[in-house]
Amino acid sequence: MSQNSEPKGLKRRSFLKVLGAGGAAAATVGCSSENVGKLIPYLVSPDQTVPGVSNYYATTCRECAAACGVIAETRDGRAIKLEGNPAHPLNRGALCARGQSALQGLYNPDRFRGPMVKQGNAWKAVSWDEAITLVSQKLAGARGAAANAVFVNQHESGSFGVFLDEWLAANGMRPHLSVDFEADEAAILAHRAAYGVAWPRFNFGAAKLILSFGADFLDGWGASVPQQLDFAEARAKVEGAPRFVYVGPRRSLTGLNADQWIPCTPGGELAIVNFLRGQGDANAAAQASGVDAATLQALAAELRAATPALVLAAGTGPNGFEVATAAAQLTQQVGAGAVDAAGGAAALEGITPLASFVAEVERMRAGQVPVAFFRGANPAYTLPASYKFAEALAKVPFKVSFSLYPDETTELCDVVLPDLHALESWGDAQPVRGTIGVQQPAMDPVFKDTRATGDVLLAIAKKDATLAARYPQADYRNWVLSRFPGGVQGFTAAAPTGLAAGTAPTRTAPAAAPQRALAAPAQAAQGDLFFVTYPSPVLGDGRGANKPWLQELPDPVTKVLWSSWVEIHPETAAKMGIERGDIVEVKTAAGSVKAPAFLYLGIRPDTVAMALGQGH
């Protein structure tokens with residue numbers, strides 16, 4: 001085999017080397033001109049490692065904001081399996097597919113190997129000292145305007161947000177933006193108004209009736225793992241299991257678990273929930289929702305007879321905030337005992353409102369932002385195109401990404417300072433109130449020239465003589481230990497179980513939340529069909545699209561994998577001459593997309609739907 005016979009791009013042997021077995025394979029085959037490593041057995045095994053014997057580390061999953069507890073199995077110094085932590089109060093030993101796939105993020109061959117600086121349109125590898133010096137110089141040059149700098153961080157509970165805000169304040173900058181584009185902001189605002197918390201625990205077992213208006217609590221809406229456990233336990237009762245009714249234009253995985261599906265028009269949910277609250281008559285609600293009046297009257301009678309009842313609503317669509325608010329208010333009236341405000345997912349507190357983020361985007365567009373940082377967030381992909389984020393970011397003179405992988409936002413930046421993976425990092429989290437989740441490395445970094453963002457920020461601070469004295473800690477790990485309840489001893493005692501009693505340091509509270517959620521800019525259009533989009537239960541908002549395990553996991557409803565698709569009702573497809581698998585084009589005022597057609601009875605004939613998450 002010649003050295004030029006292999007196609008460009010990722011080489012199979014390179015992928016195997018990342019997994020720790022390819023060094024020997026590549027050396028044996030001898031078909032690559034790359035420098036290869038060799039597998040050398042331990043002479044002195046580190047950390048009591050015994051060849052062929054597994055060690056286990058209790059740590060925290062960071063694949064979403066919920067911060068579930070995981071047990072990482074390592075063998076010969078490599079993490080090989082993740083499972084839920086049975087002692088963890090949030091996920092109670094369960095772990096979703098996204099959590100299981102974290103290993104493929106850890107070993108992903110596309111990970112940045114070290115710091116890089118953009119020269120022209122190409123990336124150039126540089127040393128950490130060069131990269132840190134460059135960022136320090138840019139910060140010093142923007143000192144007078146540093147208050148206008150923007151730091152966008154993935155939303156996560158725990159100490160890092162506090163550390164980050166302290167670092168930003170020391171450099172004369174404002175608190176960071178803690179974003180989670182998967183979060184249902186409208187529902188969070190409705191919950192906070194009704195229950196005083198962002199995400200309570202829904203006690204499905206206490207309810208006689210569960211009524212969901214598009215709230216896909218089994219698909220990824222909110223804290224999905226504990227919700228799946230609680231729902232399964234409630235429905236497994238021999239007697240007294242709650243009846244479940246799902247209302248929405250498309251029947252999701254959550255809807256497929258319902259006893260009854262009421263297909264309403266997109267946006268018609270508000271008319272139904274208001275009718276159930278005694279506002280308006282059945283005929284008006286039927287006309288607005290596309291559901292016959294008799295069905296609505298029967299639902300209202302059932303709701304009156306079933307107390308307590310749990311009414312949930314997703315805050316999607318143009319009137320999503322109103323629907324979520326009305327549903328929460330209705331639950332307050334009929335759901336005594338069905339909502340536990342104190343027992344919910346504390347990790348969802350403190351998410352920056354979308355309106356605040358959009359305001360920063362407009363400041364970028366106006367040329368008012370001298371420096372922008374991005375860590376774990378990819379707004380260039382996630383935000384609707386109508387926000388024109390890339391255009392706004394181009395007006396920022398200096399942009400830094402801490403991303404582990406190439407993504408749309410990182411490609412627009414000037415410097416990459418690659419972070420460690422969560423399974424290589426130190427930290428903590430606040431999954432539920434009164435409990436701290438420990439985050440500890442399950443193994444040494446896969447790529448030795450990557451660094452924890454906390455360590456990088458400390459190094460930048462120590463380049464400035466006026467800031468160095470503020471950070472006596474050698475690294476971010478020691479900073480965390482200095483803040484952990486009980487210090488080093490407290491952390492050491494908590495490490496075996498991954499849990500400690502107490503409250504993790506809390507970031508500075510964000511600016512006052514708007515009175516309502518900010519919907520995406522509306523696009524006026526006249527079409528023959530409604531178009532509905534929804535987060536993929538597997539890929540989320542797209543952050544899981546680079547993991548083959550998730551791509552190969554069939555969508556739980558359509559069973560489609562490795563692709564996008566358009567869901568269309570068989571009757572509508574027959575009228576339009578469309579058969580399953582035909583490539584169809586969906587056009588809206590915002591743009592168009594082509595994908596195979598999937599004929600699905602669980603969607604209204606006047607609606608087509610697509611999952612988000614692909615299209616990178």
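In the predicted model, S425 is placed in the loop that runs between strand 16 (415–416) and strand 17 (427–432). Although it belongs to a loop, S425 counts as buried, because its relative accessibility is 8%, which falls under the 20% limit applied to buried residues. A polar atom of the S425 side chain lies 2.7 Å from the backbone oxygen of H421. When residues up to four places away in sequence are not counted, the residues touched by S425 are L420, Q439, Q440 and P441.

At the level of the whole protein chain, the secondary structure comprises 22 helices and 24 strands. The chain has 616 residues, of which 52% count as buried, and its exposed area is about 26,700 Å², with carbon and sulfur atoms supplying 54% of that area. Among contacts between residues at least 6 apart in sequence, 68% join residues that are at least 24 apart.

In soluble globular proteins, nonpolar side chains tend to be buried together. The largest nonpolar core of the model contains 36 residues, and V135, W167, F373 and L417 are those with the most contacts inside it. At least two residues of this core are supplied by each of helix 5 (128–141), helix 6 (159–170), strand 14 (371–375), strand 15 (398–401), helix 17 (453–462) and helix 19 (476–483), and the largest share, 7 residues, comes from helix 6. For V135, once its neighbours within four places in sequence are left aside, the contacts are with F373, F398, V400, V415, L417 and I460; F373 and L417 are thus partners of V135 and are also listed with V135 among the residues with the most contacts inside the core. A second core, separate from the one just described, has 31 residues, including A271, V273, A286 and A326.

Two of the residues named for the second core, A271 and V273, are among the buried residues of helix 10. This helix, formed by residues 269–276, is mostly covered, with 8 of its 8 residues buried; the buried residues are E269, L270, A271, I272, V273, N274, F275 and L276. The elements that cover them include strand 9 (209–213) and strand 10 (243–247), together with helix 11 (282–289), helix 12 (293–305) and helix 13 (320–334). Just after helix 10, the backbone at G278 takes a positive phi of about 90°.

How values were computed. Residues are numbered from 1 along each chain as its sequence is written. This is a predicted model: local features need pLDDT of at least 70, side-chain atom pairs count only at pLDDT 80 or more; totals for chains, interfaces and linings use all residues. Side-chain values use heavy atoms; hydrogens and water are left out. Helices (H or I, at least four residues) and strands (E, at least two) are DSSP runs, numbered from the N terminus. Buried means under 20% relative accessible area, exposed over 50%, partly exposed in between (1.4 Å probe, protein chains only). A polar contact is a pair of N or O atoms within 3.5 Å; within protein, one must be able to donate a hydrogen and the other to accept it, and residues adjacent in sequence count only if both atoms are side-chain atoms. Contact means heavy atoms within 4.5 Å. A nonpolar core is a set of buried Ala, Val, Leu, Ile, Met, Phe, Trp, Tyr and Cys residues joined through side-chain atoms within 4.5 Å. Accessible areas come from the Shrake-Rupley method with a 1.4 Å probe; for residues, only the protein chains shown count as cover.
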